[in-house]
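Dear colleague,

Please find below the structure that I am handing over to you. A description of what was found in it follows directly after.

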Amino acid sequence: MKKLLFSGLLMISALSFAATWTVTTTCGVVGKIEIADNATTSQVAQAVSQYNYNQCGVRPAKINLSLEP
């Protein structure tokens, strides 16, 4: 029971420090992914590349990151 409670608290704390990114894939799918707030640019690019691969079956040749207010 202690392990279950600890795992639940850890999951909640990890999700509370996540940023939601809107992603448009190379095949036109628009979706949202959650990435940790302290992720580096290369980690964000890897997550976006994996999302594109999962949706379209290909890795993108180029990834554009843009921040909108």
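**Findings: the disulfide and its surroundings**

Cys27 has a relative accessible area of 45% and is therefore partly exposed. Please bear in mind that this is a predicted model, and that the values given here are computed from it.

Cys27 is joined to Cys56 by a disulfide, with a distance of 2.0 Å from S to S. Cys27 sits in the loop between strand E1 (18-24) and strand E2 (30-36), whereas Cys56 belongs to helix H2 (residues 41-56), so the pair ties together parts that are 29 residues apart in sequence. A disulfide is a covalent bond between the sulfur atoms of two cysteines. The torsion about the S-S bond of Cys27 and Cys56 is about -75 degrees, which means that the disulfide is left-handed. Cys56, like its partner, counts as partly exposed, in this case at 23% relative accessibility. A search of the whole structure finds one disulfide.

As to the overall arrangement, the chain contains two helices and two strands, and their order along the sequence is α-β-β-α. The chain has 69 residues, of which 16% count as buried. It exposes about 5600 Å², and carbon and sulfur atoms supply 60% of that area. When contacts between residues at least 6 apart in sequence are considered, 25% of them join residues at least 24 apart.

The two strands deserve a separate paragraph. E1 and E2 pair in the antiparallel sense, over seven bridges. One of the pairings involves Ala18, whose bridge partner in E2 is Ala36. The hairpin of E1 and E2 has five residues between the strands, and Gly28 in this hairpin takes a positive phi near 95 degrees.

The loop between E1 and E2 also holds Thr25. Is Thr25 buried or exposed? Thr25 has a relative accessibility of 7%; the limit for a buried residue is under 20%, so Thr25 counts as buried. Neighbours within four places in sequence aside, the residues in contact with Thr25 are Tyr51, Asn52, Gln55 and Cys56. Cys56 thus appears twice in this account: in contact with Thr25, and in the disulfide with Cys27.

I turn next to helix H2. H2 has 16 residues and reaches 22 Å from its first C-alpha to its last, close to the 22 Å expected at 1.5 Å a residue. Which residues of H2 are buried? They are Val44, Val48, Ser49, Tyr51 and Asn52. Seen down the axis of H2, these buried residues fall within an arc of 160 degrees, and therefore they line one face of the helix. They pack against E1 and E2. On the other side of H2, Gln46 and Asn54 are exposed. After H2 comes Gly57, which has a positive phi, near 85 degrees.

Finally, Ala39 lies in the loop between E2 and H2. Its relative accessibility is 23%, so Ala39 counts as partly exposed. Ala39 and Ala18 are 21 residues apart in sequence, and their C-alpha atoms are 9.3 Å apart in space.

In summary, the disulfide of Cys27 and Cys56 ties the loop between E1 and E2 to H2, and the buried residues of H2 pack against both strands, E1 and E2.

Yours faithfully

Terms used:
Residues numbered from 1 in each chain as written. Predicted model: local features only at pLDDT ≥ 70, side-chain atom pairs only at ≥ 80, totals over all residues. Heavy atoms only, no water. Helix = DSSP H or I, 4+ residues; strand = E, 2+ residues; numbered from the N terminus. Buried < 20%, exposed > 50% of the residue type's maximum accessible area, 1.4 Å probe, protein only. Contact = heavy atoms within 4.5 Å. Areas by Shrake-Rupley, 256 points an atom, 1.4 Å probe, with all protein chains shown as cover. Disulfide = S-S within 2.5 Å. Pairing = 2+ DSSP bridges. Expected span 1.5 Å × (residues − 1). Arc of directions from axis to C-beta.
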